[in-house]
Amino acid sequence: MYTQSELKQQVAQAAVEYVLPFLTPDSILGVGTGSTVDLFIDALAIHKHAFKAAASSSERSTARLQSLGIAVQDLNTIERMDWYVDGADEIDAALNMTKGGGGALTREKIVASVSDKFLCIVDESKLVERLGAFPLPVEVIPMAKNAVARQLRALGGTPVERAGFVTDNGGLILDVSGLSIEDPAALEARINNMPGVVCCGLFAIAPASVALIAGQQGVRTLL
Ligand code: 5RP
C-alpha cells in the first residue's frame with residue numbers, strides 16, 4: 001500500500017511529465033500552493049531551462065521556486081499561460097474543486113484565471129462524489145469577519161475563523177463546515193457576492209480542465 005505522501009510524490013512526478021511537452025523557452029507556467037505542489041516544484045526543478053518562468057500563487061511557492069533556481073514572474077507582466085498546476089482539498093467527477101486548505105485560495109484563483117488550462121493534481125483521497133465534507137475556506141477582509149459569518153450561517157454553514165492565520169493578502173480565513181453543496185458554481189457565486197468576501201474556495205465557475213489522480217493502481221487522468 002502506498003502512503004498518501006507517496007501518492008502525492010507520484011502525482012507530482014506525473015504532472016511534470018504531463019506539462020513538459022507543452023513547455024517552450026518562452027512559456028510561463030502557473031504554479032499553485034500546498035504539499036503536493038511542493039513536490040511538483042521539486043520535480044520540476046531539473047527542467048527549469050525548458051521554460052522561461054513560473055507565475056506563483058503564494059509567498060510559500062515563490063520561495064520554493066526561487067530556492068531551486070526557477071524564475072518567478074510578476075503576474076501583472078503576463079497576458080496568458082497555457083497551464084496552471086495545483087492541488088485541491090476535494091474534487092468531484094465534474095472537476096469542481098474545493099481549495100484553500102493552505103490558505104492561498106485567492107491568489108490561486110487569480111493565477112488560474114490567467115491560464116488557459118488548470119491541471120489538478122491529487123491523491124485519490126481527494127476525489128469525492130459531492131463536495132462539502134472538507135470545510136469550505138472563505139477569505140474575508142478582517143472588518144467584515146462577523147458580517148460574513150452571519151451570512152454563511154444563514155446558508156446553513158458553521159464558519160470558524162482559522163486561528164492565528166493571515167493570508168498573503170492580509171485577509172482572514174473562515175472555514176465553513178456543514179454547507180450543502182448541491183450546485184457548486186451557484187454557491188461559489190453567492191458567497192463571492194457577500195460584501196467583505198475576498199474569495200471563496202469553491203473552484204466551480206472555472207473548474208479544472210484535467211485532473212491527475214494518484215491511487216494504488218497508478219495515476220489516472222480525469223477529463
Ligand atoms: C492551498 C490549496 C491546496 O492546493 C490544497 O489545500 C491541497 O493541499 P495539499 O496538496 O497540501 O494536500 O488549495 O490553498
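In this predicted model, the buried residues of helix 2 are Thr 36, Val 37, Leu 39, Phe 40, Ile 41 and Leu 44. Their cover includes helix 1, helix 3 and strands 1, 3 and 6. Two of these neighbours, helix 1 and helix 3, are treated below as packing partners of helix 2.

**Helix packing**

The geometry of the two helix pairs is set out in the table.

| Pair | Angle | Axis separation |
|---|---|---|
| Helix 1 (residues 4–19) and helix 2 (residues 35–44) | about 50° | 8 Å |
| Helix 2 and helix 3 (residues 59–67) | about 20° | 10 Å |

With an angle of about 20°, helix 2 is therefore roughly parallel to helix 3, since angles under 35 degrees fall in that class. The crossing of this pair is right-handed. On the side of helix 2, Val 37, Asp 38 and Ile 41 take part in the contact, and they meet Ser 61, Arg 64 and Leu 65 of helix 3. Sorted by class, this contact comprises 3 nonpolar, 1 polar and 2 charged residues. Val 37 and Ile 41 also appear among the buried residues of helix 2.

The pairing of helix 1 with helix 2, at about 50°, is accordingly oblique. Helix 1 also passes helix 2 in a right-handed crossing. Helix 1 contributes Lys 8, Gln 9, Val 11, Ala 12, Gln 13, Ala 15 and Val 16 to the contact, while helix 2 contributes Ser 35, Thr 36, Leu 39, Phe 40, Ala 43 and Leu 44. The residues of this contact divide into 8 nonpolar, 4 polar and 1 charged.

**Helix 1 and its surroundings**

Helix 1 consists of 16 residues and spans 23 Å between its first and last C-alpha atoms, close to the 22 Å expected at 1.5 Å a residue. Its buried residues are Leu 7, Lys 8, Val 11, Ala 12, Ala 14, Ala 15, Val 16 and Val 19. These residues pack against helix 2 and against several strands: strand 1 (28–31), strand 3 (81–86), strand 6 (115–123), strand 12 (210–215) and strand 13 (218–222).

**Individual positions**

Val 122 belongs to strand 6. Because it has 26 C-beta neighbours inside 10 Å, and 20 or more suffice, Val 122 counts as buried. Beyond the residues within four places in sequence, Val 122 is in contact with Val 11, Thr 36, Gly 87, Ala 88, Ile 91, Leu 127, Ala 211 and Ile 213. Of these partners, Val 11 is a buried residue of helix 1, and Thr 36 is a buried residue of helix 2. Leu 174 is 52 residues away from Val 122 in sequence, and the C-alpha atoms of the two are 23 Å apart.

Ser 58 occupies the loop between strand 2 (53–56) and helix 3. Its 23 C-beta neighbours inside 10 Å are the reason why Ser 58 counts as buried. Outside the four places on either side in sequence, Ser 58 is in contact with Thr 33, Ala 104, Arg 107 and Asp 168. Ser 58 and Val 111 are 53 residues apart along the chain, with their C-alpha atoms separated by 9.9 Å.

Leu 95 is located in the loop between strand 4 (90–91) and strand 5 (97–98). Most residues other than glycine have a negative phi. Leu 95, although not a glycine, has a positive phi of about 70°. Because it has 18 C-beta neighbours inside 10 Å, Leu 95 counts as partly exposed.

How values were computed. Residues numbered from 1 in each chain as written. Predicted model: local features only at pLDDT ≥ 70, side-chain atom pairs only at ≥ 80, totals over all residues. Axes fitted to C-alpha atoms, helices over the stretch in contact; angles between N-to-C directions. Helix = DSSP H or I, 4+ residues; strand = E, 2+ residues; numbered from the N terminus. Parallel < 35°, antiparallel > 145°, perpendicular 65-115°, else oblique. Left-handed = near helix turned anticlockwise from the far one by under 90°. Contact = placed C-beta atoms within 7 Å. Nonpolar A, V, L, I, M, F, W, Y, C, P; charged D, E, K, R; others polar. Expected span 1.5 Å × (residues − 1). Buried ≥ 20, exposed ≤ 12 C-beta atoms within 10 Å, placed from the backbone.
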